[in-house]
Amino acid sequence: MARPIITLTTDFGSRDGYGGIMKGVILGICPEARLVDLSHEVPPQDVLSGALVLQQAVPFFPTGSIHVAVIDPGVGTERNALALSTPEAFFVGPDNGLFDLVWSEALERWGAERLFAVRLTNPRFFLPEVNPTFHGRDVFAPVAAHLARGAALPEMGLALPAIASLGLAAPLRQDDGWWIGEILAADRFGNCLTSFTLRALGQIGAFEGLRVWVGDMDLGPIRRTYSEVARGQPVALIGSSRRLELAVREGHFAQAFQVGRGARVRVGRPG
Amino acid sequence: MARPIITLTTDFGSRDGYGGIMKGVILGICPEARLVDLSHEVPPQDVLSGALVLQQAVPFFPTGSIHVAVIDPGVGTERNALALSTPEAFFVGPDNGLFDLVWSEALERWGAERLFAVRLTNPRFFLPEVNPTFHGRDVFAPVAAHLARGAALPEMGLALPAIASLGLAAPLRQDDGWWIGEILAADRFGNCLTSFTLRALGQIGAFEGLRVWVGDMDLGPIRRTYSEVARGQPVALIGSSRRLELAVREGHFAQAFQVGRGARVRVGRPG
Amino acid sequence: MARPIITLTTDFGSRDGYGGIMKGVILGICPEARLVDLSHEVPPQDVLSGALVLQQAVPFFPTGSIHVAVIDPGVGTERNALALSTPEAFFVGPDNGLFDLVWSEALERWGAERLFAVRLTNPRFFLPEVNPTFHGRDVFAPVAAHLARGAALPEMGLALPAIASLGLAAPLRQDDGWWIGEILAADRFGNCLTSFTLRALGQIGAFEGLRVWVGDMDLGPIRRTYSEVARGQPVALIGSSRRLELAVREGHFAQAFQVGRGARVRVGRPG
């Protein structure tokens with residue numbers, strides 16, 4: 001059997017060793033697992049940022065990879081613990097919207113009948129002692145390791161008809177024909193991911209002639225690459241996330257224009 | 001033979017590649033090692049924080065794992081270099097208190113006759129050239145890799161009767177029956193680890209009726225989970241570290257109350 | 001066949017998952033690769049810092065290791081994409097000076113006839129779709145994985161006679177017999193790497209009697225270890241980088257003396 005891949009996405013930071021502890025648990029159960037950190041630096045308790053990290057990364061991992069994600073402000077409360085499977089991947093973590101983006105894409109692609117979600121209830125797949133403040137270590141890491149060893153979802157808990165949503169609004173068409181969306185997050189370079197996915201832009205029609213505004217600033221047409229504008233100039237383009245991204249060539253868009261999550265983005269055709 | 005696990009805990013940071021260099025050295029000697037980062041972001045030269053990272057992580061790794069830790073303000077001076085073994089794990093690093101917490105626990109659990117400590121003196125297990133500023137690369141990484149390949153501690157140096165202590169005080173009972181301890185460290189979430197271990201609390205007796213104070217603030221009883229208090233409220237609980245921890249539900253205790261290492265914590269029964 | 005080692009050096013940061021995505025791509029092509037992060041925290045778009053990370057790390061990895069580095073302010077422009085081989089290692093990344101230091105050392109050591117450089121042009125070794133903003137994922141990661149599987153450089157593109165230089169000046173001898181160099185970078189501890197390599201110092205002659213100045217401050221002779229000065233005192237020594245480094249014992253040189261890249265360093269013999 002190929003050695004299974006388990007990725008980790010958390011807001012635990014890199015200082016306290018919590019991500020490493022999860023790896024110790026996994027290797028104790030499944031010594032042949034290959035472990036890949038996606039991020040331990042998701043901003044604390046920022047579920048949307050974690051969901052975007054997963055959405056960007058998952059398509060680039062081999063089929064059958066297991067993605068554990070723990071951004072979990074509700075740990076120890078009544079929120080469900082999840083394991084999910086699609087024809088391409090497994091997901092393990094809290095049911096708080098963290099898997100909304102990857103799950104919605106899988107639903108569109110594969111249809112509900114090929115997806116499976118369970119609420120984790122069977123303690124046989126947890127550590128013997130579950131501390132209510134660290135399910136990453138005591139629930140999600142061991143569940144992922146058991147999946148890597150071939151355990152089946154139905155053994156792990158009860159089927160769920162649906163999982164938690166982030167409640168993100170798709171871009172909306174205004175009466176004047178322009179579409180209104182928003183900035184979802186800024187990355188380390190200050191590039192801003194927007195709610196305009198390739199699919200949403202497809203609804204608007206051909207890219208030619210489309211212009212992008214943030215607040216009262218015209219960013220011009222949608223470009224193919226940073227190099228179409230001068231250094232230090234803003235640019236709107238389809239980024240590696242397959243979303244409309246706002247950037248400054250060799251600069252930091254979010255700082256330069258003092259914008260962040262929730263800032264309004266307009267896309268449309270002038271006049 | 002199972003593939004040996006080697007963990008790394010340092011204050012080298014993630015920017016300069018020093019942790020990666022240690023991995024290059026290890027893989028050159030023991031290509032089948034599995035490498036796990038516990039932390040490279042221990043605050044610079046903060047030996048106590050490193051000791052707490054190890055204490056929390058070690059119990060969750062498989063038996064036989066090798067833990068290399070390098071927080072080493074005394075590199076290049078006369079401080080000893082160590083390799084330690086217990087029935088559960090190996091440790092490699094400087095003799096400056098970094099292993100005090102894990103070693104004391106192992107002594108209690110296994111007794112001195114099942115533990116072994118050596119001062120590393122045999123250069124056969126070092127890199128050919130040892131730079132006095134980077135023993136992590138030139139001494140500790142190669143020693144760990146040789147342990148992973150099965151080298152025995154007695155070949156590596158001279159037995160030591162004891163290792164360096166951190167000199168931490170256990171909580172002290174006052175005349176009024178309350179116990180006085182302190183905050184040892186705050187983690188990324190602002191949760192504060194205290195010197196009240198489960199064992200120390202056991203001396204005080206049953207948890208029922210115990211209350212926790214920090215300075216002149218009453219944190220109430222010891223709770224089981226964050227969710228027993230409202231969002232934004234402080235809470236004292238037994239954290240995943242198996243110590244009394246002070247937190248704010250979905251908040252940052254250390255910032256909210258402007259406390260850190262050394263702040264006095266009192267535990268006892270009112271009236 | 002031994003399992004190939006692939007190291008990653010980027011300025012992607014640890015928050016957004018971009019380094020993890022590269023690992024997903026690599027493992028999809030070469031499942032047996034062993035992945036080692038050198039750094040994802042190179043300061044954004046700071047090619048010189050990335051070059052120094054590589055120069056320090058590469059000698060400590062086993063022969064045949066593949067080093068992917070992506071600090072790439074020119075992504076999407078006309079800059080070349082590179083794969084390089086020496087008798088010791090492979091390198092993959094943008095042609096912007098990032099490989100200048102390791103390549104110059106290899107040229108000195110092995111001679112031009114044992115080195116090979118190609119401009120990556122064969123899309124068979126890229127991902128099927130190449131986004132112009134993320135060659136790390138779509139070009140460099142898959143090329144490295146194909147090298148790990150045994151692909152040969154000549155299949156990948158056109159031979160290049162030379163690669164981009166950083167244009168660093170070697171230390172210069174003044175009329176008064178003193179040599180003038182500069183600080184190249186400060187690490188996490190505030191230790192400053194200078195342009196005085198061991199080789200450059202060798203031109204000046206025996207270390208005895210040499211003194212080091214930064215600005216108008218006399219740092220004294222070149223020491224062997226931090227412990228030759230008192231705590232809090234500055235010290236000049238040959239660091240683990242095999243360069244003249246400036247440090248403060250248990251302190252932070254760059255902050256203490258408010259110096260950084262470009263600050264002038266003088267080495268010579270008084271009177």
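Let me start with Asp218(B), which is partly exposed, with a relative accessible area of 32%. Its partner is Arg211(B): the two side chains meet in a salt bridge, at 3.1 Å from N to O. Arg211(B) also counts as partly exposed, at 28% relative accessibility. I should say at once that the model is a predicted one, and that every value I quote is computed from it.

That pair lies within chain B, and I will stay with salt bridges inside a chain for a moment. Over all chains, the structure holds 36 salt bridges. Two examples from chain A deserve our attention.

The first joins Glu155(A) and Arg124(A), whose side chains meet at 3.1 Å, N to O. This salt bridge links distant parts of the chain, with the two positions 31 residues apart in numbering. Glu155(A) sits in helix α5, residues 153-156 of chain A, while Arg124(A) belongs to the loop between β6 (116-120) and α4. How accessible is Glu155(A)? It counts as partly exposed, at 36% relative accessibility. Arg124(A), for its part, is exposed, and its relative accessible area is 54%. The cut-off for that class is over 50%.

The second example is Arg137(A) with Asp138(A), a salt bridge in which the closest N and O atoms are 2.6 Å apart. Are these residues buried or exposed? Arg137(A) counts as buried, at 5% relative accessibility. Asp138(A) is buried as well, with a relative accessible area of 1%. Buried here means under 20% relative accessible area, so both residues fall in that class.

I turn now to the contacts between chains, beginning with chain A and chain B. Here 36 residues of chain A are in contact with 32 residues of chain B. The area buried between these two chains is about 2700 Å², and carbon and sulfur atoms give 55% of that area. Which three residues of chain A supply more of the area that chain A buries against chain B than any other three? They are Arg15(A), Tyr18(A) and Thr133(A), which supply 22% of it.

As to specific interactions, the count between chain A and chain B is 2 salt bridges. One of the salt bridges in the model pairs Glu41(A) with Arg188(B), and its closest N and O atoms are 3.2 Å apart. In addition, 12 residue pairs are in polar contact between chain A and chain B, with both residues at pLDDT 80 or more.

Which helices of chain A each supply at least two residues of the side that touches chain B? These are α1 (18-29) and α4 (135-148). Of the elements of chain A, α1(A) gives the most to that side, with 8 residues. By class, the side of chain A that touches chain B has 14 nonpolar, 12 polar and 10 charged residues.

Next, the relation between the copies. In general, two copies of a chain are related by a rotation about an axis and a shift along it. In this model, chain A can be laid on chain B with an RMSD of 0.0 Å, by a turn of 120 degrees and a shift of 0.0 Å along the axis. The two copies are therefore related as by a three-fold rotation axis. Their contact surfaces are different: 14% of the contact residues of chain A recur in chain B.

Let me then take the interface of chain C and chain A. On this interface, 36 residues of chain C are in contact with 32 residues of chain A. The buried area is about 2600 Å², with 55% given by carbon and sulfur atoms. In chain C, the residues that lose the most area to chain A are Arg15(C), Tyr18(C) and Thr133(C), together 22% of what that side buries.

Across the interface of chain C and chain A, the rule finds 2 salt bridges. Arg188(A) forms a salt bridge with Glu41(C), and the closest N and O atoms are 3.1 Å apart. The count of residue pairs in polar contact between chain C and chain A is 12, both residues being at pLDDT 80 or more. Again α1 (18-29) and α4 (135-148), now of chain C, each supply at least two residues of the side that touches chain A. The largest share of that side, 8 residues, comes from α1(C). Its residues divide into 14 nonpolar, 12 polar and 10 charged.

Conventions. Residues are numbered from 1 along each chain as its sequence is written. Chains are lettered from A and ligands numbered from 1 in the order in which they are written. This is a predicted model: local features need pLDDT of at least 70, side-chain atom pairs count only at pLDDT 80 or more; totals for chains, interfaces and linings use all residues. Side-chain values use heavy atoms; hydrogens and water are left out. Contact means heavy atoms within 4.5 Å. Buried area is the accessible area (1.4 Å probe) that two parts lose on being put together, summed over both. A salt bridge is a side-chain nitrogen of Lys or Arg within 4 Å of a carboxyl oxygen of Asp or Glu. A polar contact is a pair of N or O atoms within 3.5 Å; within protein, one must be able to donate a hydrogen and the other to accept it, and residues adjacent in sequence count only if both atoms are side-chain atoms. Helices (H or I, at least four residues) and strands (E, at least two) are DSSP runs, numbered from the N terminus. Ala, Val, Leu, Ile, Met, Phe, Trp, Tyr, Cys and Pro count as nonpolar, Asp, Glu, Lys and Arg as charged, and the others, Gly among them, as polar. Copies are superposed by least squares on the C-alpha atoms of residues with pLDDT of at least 70 in both. Buried means under 20% relative accessible area, exposed over 50%, partly exposed in between (1.4 Å probe, protein chains only).
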